[in-house]
Amino acid sequence: MEVSYFPGCTLKQTAKNFETSAISSSKLLGIELKELSRWNCCGTVYSLATDDSMHHLAPIRNLIRVQEEGSKEVVTLCSMCYNTLKQANELVRAEPDRLQKLNDFMYLEEDYKPDLEVYHLVTYIKDNVGYEKLKDKVTNPLSGLKVAVYYGCLLLRPDSIKLDDRENPRIMEDMMEALGAEVIDFPYHNECCGSYHTLGKRDLVIERTNKIISEAKLDGADVLVLSCPECDFNLDHRQKNTLEKYPSFETMPVLYFTQLMNIALGGDLADCGFELNYIDPIPLLKDKGILK
Amino acid sequence: MTTVKPSGDKPNLPPTSRLIEVFIMGKSYKVPETLTIQKAIEWAGFQFIRSCGCRGGICGACPTIYRTKDDYKLKVGLACQTVAEDGMYLVQLPFVPVQKAIYNIEEEKATLAAIEKHYPETFRCVQCNTCTKACPMDIEVMQYIAEIIKGDYKKAAELSHSCIMCGMCAARCPAELQQFNVAMFIRRMYGRYVLPKAEHLKNRVEDIEAGKYEPMLDELQQVSSGELVKRYKEREWEPEPYEVPDWKPKDTKYL
């Protein structure tokens, strides 16, 4: 099946491994992610100010691009893009006046009719492939790999866009189990990674990374799995700075869920793009017998 | 007798031409219809010191901001290419203040970091598309900014290629971007590092530097002006649209 796909800017820049592994693993599941022929930044952060329409132009313009291609569904990967696109879609559904205002402003575009759905790839796979079938497609099960699933903030909040139960989600855990991994109980699955404070208050992020990764370690995890390039930067790349501040800090590989899915489904290793992961997961995956 | 003395190119008016009212910086002027905004302004008695260049729609010096009768939309056009209309309000904008990054092209690359360094405001874009609406060249300005943000520099260079640097995008941008300058940066990087070198250009520059054309120029300086005019008039043109393969002039001694 073919589905419209919104990559987002980060997947074209620093998180290329997220995109390549997603395209490869989706293909193995029979899903063709068809990139929109024209798109722009999602808007990055969903604006919460009630009188701010300007910052909803970006997500709605992207949804117009989906509509232009005759599509009723769009899949995205990055948590930030998912959150922004989906919240904006819900907003204009709930507020027809707002939609009118945005359509009037974008008079060069066709009017947006909010009858299409924004999906995160995890939900799309669960709904359209199903975890039973996913399990059947696994050729290289992630046996013996202890995984801590990390959602962060943007996949579970607010209620209108959540992938699953906000406090006790199972959607990514069940996916990891279908791939043959052992999912550990990880209470920090929806802690904040520090987000954009990584630029101005690096120390704050170092504290978050130290807390989250150390807890995962304590809970017995081998790797942390996530779906957000921003969380990935903070929890993977900032381990360097965490180690500098806390010499006894124990590092842990941090992976996009698509990277593990690609391995389990027997995809090309090159599509995992592990060279972009700061903590190299290859030695661990070899040690577990998952990679040869 | 009119007290207004037209300046610049003398307009060639049709005999039926009637007077229309245009508001130049708010003041009413009666000018003949069919004139471009540029000629209408001159007809009204203004003389251009800035805001006028090639008069041919290429140089980008003469952007006009205007509103037409009974339309709230703020429009932009080149004064030398846009016809004045009855009831039009207009002003010329000869220059848009922008910061121009100074860099050594040999020490730069088209990367996220380079754009963050030279034009960090690029990432403030909210995709409102006001820039595209303001472009007299119909360039998809917002889209090339989107391509820059996502790192598709080839697409950004191609989309922005016909930019004439008039600055209207930057003047209208609510996020205070300097679109035409960051696009110039990208095109320079693209030309320097991505596009293949033009071999024929390199060869020609070598020929010039080696003095191959000096004798021809020396010879031209010796001939009389009458002979120069004659040669100019009789010069041979390559037939347009340049589709004849391996076309060569009859006289090949200068090749």
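So, one definition before we start: a helix crossing is called left-handed if the near helix is turned anticlockwise from the far one by less than a right angle. Hold on to that, and keep in mind that this is a predicted model.

Okay, chain B. Here helix 4 of chain B passes helix 7 of chain B in just such a left-handed crossing. The two, helix 4 and helix 7 (residues 179–194) of chain B, pack at an angle of about 50 degrees, and their axes are 11 Å apart. That makes helix 4 of chain B oblique to helix 7 of chain B. Who's touching whom? From helix 4 you've got Val141(B), Tyr144(B), Ile145(B) and Ile148(B), and they meet Gln179(B), Val182(B), Ala183(B) and Ile186(B) of helix 7. By class, the residues of that contact come out as seven nonpolar, one polar and no charged.

Now, over to the interface between the chains. Chain B puts in 13 residues, and chain A puts in 13 residues. On the chain B side, helix 4 (residues 141–150) turns up again, giving the largest share with five residues. That side has seven nonpolar, four polar and two charged residues.

Last stop, the domains of chain A. The assignment gives domain 1 as 2–121 and domain 2 as 139–287. Their centres, over C-alpha atoms, are 24 Å apart, and 23 residues of domain 1 are in contact with 24 residues of domain 2. On the domain 1 side, helix 1 (16–28) and helix 3 (79–94) of chain A each supply at least two residues, with helix 1 giving the largest share, nine residues. And the mix on that side is nine nonpolar, eleven polar and three charged.

How values were computed:
Residues are numbered from 1 along each chain as its sequence is written. Chains are lettered from A and ligands numbered from 1 in the order in which they are written. This is a predicted model: local features need pLDDT of at least 70, side-chain atom pairs count only at pLDDT 80 or more; totals for chains, interfaces and linings use all residues. Domain bounds come from an automatic or database domain assignment. Two residues are in contact if their C-beta atoms, placed from the backbone, lie within 7 Å. Helices (H or I, at least four residues) and strands (E, at least two) are DSSP runs, numbered from the N terminus. Ala, Val, Leu, Ile, Met, Phe, Trp, Tyr, Cys and Pro count as nonpolar, Asp, Glu, Lys and Arg as charged, and the others, Gly among them, as polar. Axes are lines fitted to C-alpha atoms, for helices over the stretch in contact, and angles run from 0 to 180 degrees between N-to-C directions. Angles under 35 degrees count as roughly parallel, over 145 as roughly antiparallel, 65 to 115 as roughly perpendicular and the rest as oblique.
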